[in-house]
Amino acid sequence: MPTDSPPTAPVGPSAAPAPAPEFRTLDDVGIPGLRTVTDGDNGSLVYAVIPQIDGYDAINHRVRTIVASDKAELDAASDTHGDAADNIRGFVNVGWRPLGSSPDMVGLLLSSVVSTGASAAMREDSVWYDAAGDALLGWREFVVDAHRSDVVEAVTERLRRTIPFVDVARAAEILRSGDPAVGFSAEGGLILAFDEHDIAPGSAGAPTIEVPVPTSWLTSVGVRARQATLEPHPLVVPPPAPGEPSPEVNCRKERCVALTFDDGPSARTTPRLLDILSAADAHATFFVLGSQAQAYPRLLRRVASDGHEIGNHSWSHPDLTRISASSARKQIDRTSRVIEKITGHRPVLLRPPYGARNTKVDALARAGGYSEVLWSIDTRDWENHSPKKIIAAAKKARRGSIILMHDIHPDTVDAVPAVIAALRNKGFTLVTVSDLLGSPKPGKRYYGRY
Ligand code: ZN
């Protein structure tokens, strides 16, 4: 949409005869502990006004993750444009409104504009939290199994009717595995919102569809969410007791993938990678060399304190199948000792250099109490040095994939913001290898979780 047109006046071919459906949002709900936080980072041109609710870590974490992924997209775009775009400055702008509130449920709507200078995209994200079940909810939790395909059908049919050049297959894929914003209209219809440019040309704006849903189509939390929208009441159920760990990722339920980075830490490239991962609030696994860990202990400590997992990748990267068993054992032991000395934790994962293993290496892993971690997606970053190829390879990930990269190559680090954005776009949660596998067993070999 041209920036000079008033936001409320539909223009061009997207002007539909009927007004676009709208989320019902609330003016004043009196959510206890609700604070508005302003994140105005001049350096990265971010202006975000976001809600945080004291004690409700699950809500606060999800909200910050949304802002982090907006920021990562901005960073990825400025990296792609490089110096040529010095005069085009991008920005991220985030605002929010309450969608619903009840004694045991809260719904929040975040609206983001990510402008990369050359173009801008509007997107909406919903954060629904069921305090009774301590769970975050998306549209699939609101609709009973038996009627989800009816909703998908109704949405795609309405899209086809109202949005020119819409990609209904992509819309259906997002509904099946992504996380479109969800809420209710003032009439109680289910509203689903797609990001601008995601399923239709920018002229269509951010497509929003309303589907009338009989109560029999809604789950009990869906019914409660609709009620929280239409007849709001303040939240009463207290947050999970402080000190209790916030809900861990459960890869049996979530669509998890694991990013892994080998051969570091490197003083030249790893710090920038860590900045990117923490801005995106993404966790990864670093298979480090003992020699590098010893050379850069402070950097290794930061890898650990940033919440990443550290695995053993041998001391000096020999092919363990081609050296004696005792040399191979020394390669492994010495590395774990230095990692434990620096971080306080002994690694439980071993990735043999080159992925080269045989029964001798397997036996050493088993004896040392390590799970052997290989990979299912090889980005071949060490060979192609091409962010484009790395991103394309990473996009082939499916649920449970372990993705191999190397944090010693600047091109790999360049690719990471777009890799994260692409994987999240496909509905994946990025986790460490141990979180992906649940509890990896010593002596077992893993290529992913399938
Ligand atoms: Zn390696």
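Visitor: Which residues in H6 meet H13, and what makes it a contact?
Guide: Arg272, Leu273, Ile276 and Leu277 in H6 meet Pro410, Val413, Asp414, Val416, Pro417 and Ile420 in H13. Contact means heavy atoms within 4.5 Å. This is a predicted model, with residues numbered from 1 along each chain as its sequence is written. Local features need pLDDT of at least 70 and side-chain atom pairs pLDDT 80 or more, totals for chains, interfaces and linings use all residues, and side-chain values use heavy atoms, without hydrogens and water.

Visitor: What is the make-up of the contact of H6 with H13 by class?
Guide: It has 8 nonpolar, no polar and 2 charged residues. Ala, Val, Leu, Ile, Met, Phe, Trp, Tyr, Cys and Pro count as nonpolar, Asp, Glu, Lys and Arg as charged, and the others, Gly among them, as polar.

Visitor: How do the axes of H6 and H13 cross, and what is that called?
Guide: Helix H6 (residues 270–279) and helix H13 (residues 410–425) have axes that come within 10 Å and cross at roughly 5°. The axes are lines fitted to C-alpha atoms over the stretch in contact, with angles from 0 to 180 degrees between N-to-C directions. Angles under 35 degrees count as roughly parallel, over 145 as roughly antiparallel, 65 to 115 as roughly perpendicular and the rest as oblique. H6 is therefore roughly parallel to H13.

Visitor: How do you know which residues coordinate the zinc ion?
Guide: Donors are N, O and S atoms within 2.8 Å of the metal (3.2 Å for Na, K and Ca); water is not among the atoms, so sites may look incomplete. Asp263 (OD), His313 (NE2) and His317 (NE2) coordinate the zinc ion at 2.1 Å. Their spacing in sequence is D-x49-H-x3-H. Asp263 lies in the loop between strand E10 (256–262) and H6, and His317 in the loop between strand E12 (309–312) and helix H9 (325–343), so the pair ties together parts that are 54 residues apart in sequence.

Visitor: Are Asp263 and His317 buried or exposed?
Guide: Both Asp263 and His317 are buried, meaning under 20% relative accessible area; exposed is over 50% and partly exposed lies in between (1.4 Å probe, protein chains only).

Visitor: Why do E7 and E9 stand at the edges?
Guide: The open sheet of 3 strands has the order E7-E8-E9, with antiparallel pairing. Strands are DSSP runs of at least two residues, helices of at least four, numbered from the N terminus. Two strands pair if DSSP finds at least two bridges between them. E7 (181–184) and E9 (208–211) each have a single partner strand, so one side of each is left without a neighbour in the sheet.
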